Amino acid sequence: MKQTRWMMLAAVLSAFIWVAGCDNCNHCKDGHDHHNHSHGSCPLDEKAPAAEEATEAAAEEATPEVPAATEADAEDLPSTLPAATEEVPGSSEVKEGEEAKDLPSDLKLEEPAVESDATAGSSPADTNPTAYAPVELLSAQLVAFVENIEKSLASDEDYEDVQGRVIRDANTVAALALVLGLHDQPNDYKACASNVIAAAMELAKDADKATAEKNFAALQASLKTTDGKNLAWDVPVANLAQLMKQVPLLDGKVKSGLRRFKKTDEMAGLAVALAAIFQVSTANVAETQDPTKGDEWIAFCLESRDDAGALANALTAADKKASKTAYDKMAKSCDTCHAVFHQTAK
């Protein structure tokens, strides 16, 4: 009996040692192969599948919250992520050079509102100049163009090389002065506007440098006068061909500035100068290639004026989208006009 008990105890002890040895096996912990180990094959191998399933189930229940993916992991993210987590190109603005066809088909871009109090109407007098040419910006443009003429006359270049610029800028000064003289807001040039126009148009005549310098001195003196005469929108004060030569120069500066979108106040001033030129040009229908289309000419001029005014407002607000929209609309208005009236006057 005792011998039997000792044999049973030995068998239990032997089994215990065997199982303990298997518990220390790497296979049962991390899946590494253990069959070459000295203790021989593991008796639990045949039960491994069931044990692994139980272990995986337990692991799923105990899985911690997965941290947010890093930028390096972004390419491994599933394609079915919610739209809210995606950065849609063009949702804020269409990058330069990005074509509309590259945008998602379900993306809806709302046209930004371009606010302006200007309405074309049928007469240049229907809209107050404040709507398209704020008096501060307009006054600054008058001063700037007078300074441009002074620089041209003081240039070391031959006068023949700068004369065209002087004549063009003098015509622009006359246009700006007319809008200031008829402006709905008080300004420093209301009382002298007609005198400024007369002096500017004298300077715009073809003359030698000495005469041009004399006429420029008269222009500077006219800015300080207070005995100006009444003015009217329907009386031409500048040469249409010279005004139309100024338009692409101003337009080019604005277009270039829009790409970088810096110095928006400066660009707003140029847009105001364009608006003033378009407004004043309504009186020059007789200088177009088809004077019989007076109503159409005025409508085109006023539409371009309003677009330039909207551009000035958007630039003053530093609204990039609205500025781009207003500029595109102004360019389209000009192109439409050119299809009827040649861009170069007679």
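Which residues form one aromatic cluster? In this predicted model, the cluster is made up of Trp297, Phe300 and Phe341.

Two aromatic pairs turn up in the structure. In one of them, Trp297 meets Phe341 edge-to-face, with 5.1 Å from centre to centre and 75° between the planes. This pair links distant parts of the chain: Trp297 sits in helix α10 (residues 294–316), while Phe341 falls in the segment after α11 (320–340), 44 residues apart. Both Trp297 and Phe341 are buried.

The rings of Phe300 and Phe341 have their centres 6.3 Å apart, and their planes stand at 85°, so this pair counts as edge-to-face too. Phe300 belongs to helix α10 and Phe341 to the segment after α11, so the pair ties together parts that lie 41 residues apart in sequence. Like Phe341, Phe300 is buried. Phe341 thus pairs with Trp297 and with Phe300, and the three residues form one cluster.

Now for helix α6. How many of the eleven residues of this helix are buried? Eight of them are, and because of this α6 (residues 193–203) is largely enclosed by the rest of the structure. The buried set starts with a run, Ala193, Ser194, Asn195, Val196 and Ile197, and also takes in Ala199, Ala200 and Leu203. As for what they pack against, the buried residues of α6 meet three other helices: α4 (135–154), α5 (159–181) and α7 (209–222).

Terms used. Residues are numbered from 1 along each chain as its sequence is written. This is a predicted model: local features need pLDDT of at least 70, side-chain atom pairs count only at pLDDT 80 or more; totals for chains, interfaces and linings use all residues. Side-chain values use heavy atoms; hydrogens and water are left out. Rings of Phe, Tyr and Trp (its six-membered ring) pair if their centres lie within 6.5 Å; planes under 30 degrees apart count as stacked, over 60 as edge-to-face and the rest as tilted. Helices (H or I, at least four residues) and strands (E, at least two) are DSSP runs, numbered from the N terminus. Buried means under 20% relative accessible area, exposed over 50%, partly exposed in between (1.4 Å probe, protein chains only). Contact means heavy atoms within 4.5 Å.
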